[in-house]
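Please look over the chain and its model below before reading on. The report that accompanies them deals with domains, the nonpolar core, salt bridges and a few single residues.

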Amino acid sequence: MTLDGEALEQLRKRARAGGADKYHAANAAKGKLFARERVAHLVDEGSFVEDGLYANAMADGLPADGVVTGTATIDGRPVCLMANDSTVKAGSWGARTVEKIIRIIERAYTTKVPMVYLVDSAGARITDQVDLFPGRRGAGKIFWNQVRASGAIPQVCALFGPSAAGGAYIPAFCDVVAMVDGNASMYLGSDRMVEMVTGEKTTLEAMGGAKVHCTESGVGHFLCKTETDALDVVRTYLSYLPANWTETPPAAEAKPAPEKADLAALVPASERQAFDMRRYVKGLVDEGSFFEIQALWAKELTIGFGRLNGEVVGVVGNNSMFKGGVLFVDSADKATRFVQLCDAFNVPLLFLSDVPGFMVGSAVEKQGIIRHGAKMITAISEATVPKICVVVRKAYGAGLYAMAGPGFEPDATIALPTAKIAVMGAEAAVNAVYANKIAAISDETERAAFVAAKREEYERDIDVVRLASELVVDAIVEPHELRAELVRRFTAARTKNRDFSHRRHGVTPV
């Protein structure tokens, strides 16, 4: 077929228009943007270069085969991206859809730039399954490429609608996933399929909606009110990371900590009294720089990116406002993944410890708390980026190990004057050692005096000055000195050797 200029322009216009008007209207009624509008909102104006616009151009009603792919810049930095067009067969995958997605991930990997996924897809077109599903360039190749690219380039997903069946693994293989509340969902089987297979009656929202994945499963990382909020999350996330694993995170203009931040006042004297570690982090890092990740899941652990004097750090902090800051199965998994993310992309790690230890009891043992705790400690051990452990208030039991304590080669272990490091807290220790003797003292006053004396004796044994004198901690720092101390120490650690072990890879206790 020979095309003149007008015919080519008409073909191009049809491809860019997406599906029928009724599908555009239906999406707009749900607050959804057209795929190309999403791309335009995310990337720098005029920077998008599209590939595969004419995919399936000979077919009827399949413009661009339902997916937009190409390259662009975000804040002047190159990226590759794909965006499902849900006005075309509900964003479902055909053979050329799959090929376009594979090609753009391969390009991101080979050019060493971040890969962005704007997902809104009903999954594979069953009518095309032989062409798209089983072969060497079938849908499985998408996931193979994502796994190969993981840790080599940042991969971030914004989810605007469904991500169904096998397609749900695209978000799962990304570093983070931003989900639009009310529209986004991830599920391996539809509600109808679930009822047919298991008899359970459910809905897509109850089973795999944004709230479920951002608060219960942990597959989602950001719960967003609108699509523009989700796109802003993508942009912000990438601003903290390098283009690829060989580069360092981009520095920003240094800003001071908030003027009104009083770190000493934030930490109660009594370890029984909770405080919000998120407020502590915000008072420590450059003003306005803390970007929390997975804020709604496993809230007993706070993670996210921040900046110290303009330089990016990854923060892992125990939050006693939730479950006393005790580590559970989910919080161990949350920490593991974040530590691996930071280590992959050369982001130094700051651990802020206020941890009573890992949770105990039959429920968590059945969930595999030992296995999940071991996974977290593995990630801490394997992380070779600069890492500093700050004992803000307490680090008890294996919690000390999980927060990069002295045995895990941190570049420094810093204690605040409020710090306590021990196998367990004083109350638990006295009860463990003297339970029978305490029970044998009938006089209440005498019993209380005995317990108080033993507690005082235990507290002296774990005194922070003694720990410093034994070189367990490298420094005791006043809260108002902590920020400057961290800036200096992270700067000094920047050129550290990052070799860890002679091997291909360990056997992770997954």
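The paragraphs below go from the overall division of the chain to individual side chains.

The model is predicted, so that local features need pLDDT of at least 70 and side-chain atom pairs count only at pLDDT 80 or more, while totals for chains, interfaces and linings use all residues. Residues are numbered from 1 along each chain as its sequence is written, and side-chain values use heavy atoms, with hydrogens and water left out.

**Domains and core**

The protein chain is divided into domain 1 (5–240), domain 2 (263–422 + 463–493) and domain 3 (426–461), with bounds that come from an automatic or database domain assignment. Taken over C-alpha atoms, the centres of domain 1 and domain 3 are separated by 61 Å.

The largest nonpolar core (a set of buried Ala, Val, Leu, Ile, Met, Phe, Trp, Tyr and Cys residues joined through side-chain atoms within 4.5 Å) has 73 residues, and those with the most contacts inside it are Leu118, Tyr237, Phe305, Val316, Phe338 and Leu349. Helix 14 (residues 329–344) gives the largest share of this core, seven residues; helices (H or I, at least four residues) and strands (E, at least two) are DSSP runs, numbered from the N terminus. At least three residues of this core come from each of domain 1 (5–240) and domain 2 (263–422 + 463–493). In soluble globular proteins, nonpolar side chains tend to be buried together.

In helix 3 (residues 35–42), the buried residues are Ala35, Arg36, Arg38, Val39 and Leu42, where buried means under 20% relative accessible area, exposed over 50% and partly exposed in between, with a 1.4 Å probe and protein chains only. These residues lie on the same side of helix 3 because they cover an arc of only 155 degrees around the axis, the arc being that of the directions from the helix axis to the C-beta atoms.

**Salt bridges**

A search of the whole structure finds 24 salt bridges, each defined as a side-chain nitrogen of Lys or Arg within 4 Å of a carboxyl oxygen of Asp or Glu. Three of them are listed here.

| Pair | N to O distance |
|---|---|
| Arg125 and Asp128 | 3.8 Å |
| Asp354 and Lys394 | 2.7 Å |
| Glu485 and Arg488 | 3.4 Å |

Arg125 is buried at 8% relative accessibility, whereas its partner Asp128 is partly exposed at 22%. Asp354 and Lys394 form a salt bridge that links distant parts of the chain, with Asp354 in strand 12 (residues 349–355) and Lys394 in strand 13 (residues 387–396), 40 residues apart. Asp354 is buried at 0% relative accessibility, and Lys394 is buried at 4%.

Glu485 and Arg488 both lie in helix 21 (residues 479–493), three residues apart, or about one turn of the helix; Glu485 is buried at 14% relative accessibility, but Arg488 is exposed at 52%. Elsewhere, Lys32, Arg38, Asp120 and Glu227 are joined into one network by salt bridges that share partners.

**A surface patch and a loop residue**

Met193, Met196 and Val197 form a nonpolar patch on the surface, with about 360 Å² of accessible area together. Met193, in helix 8 (residues 191–198), is partly exposed, with a relative accessible area of 43%. Patches are made of residues with over 30% relative accessible area and no salt bridge, with like charges joined within 9 Å and nonpolar side chains (Val, Leu, Ile, Met, Phe, Trp, Tyr) within 5 Å, and accessible areas come from the Shrake-Rupley method with a 1.4 Å probe, only the protein chains shown counting as cover for residues.

Gln294 lies in the loop between strand 9 (291–293) and strand 10 (301–308), and Gln294 is buried there, with a relative accessible area of 6%. Although Gln294 and Thr215 are 79 residues apart in sequence, their C-alpha atoms are 8.3 Å apart in space.
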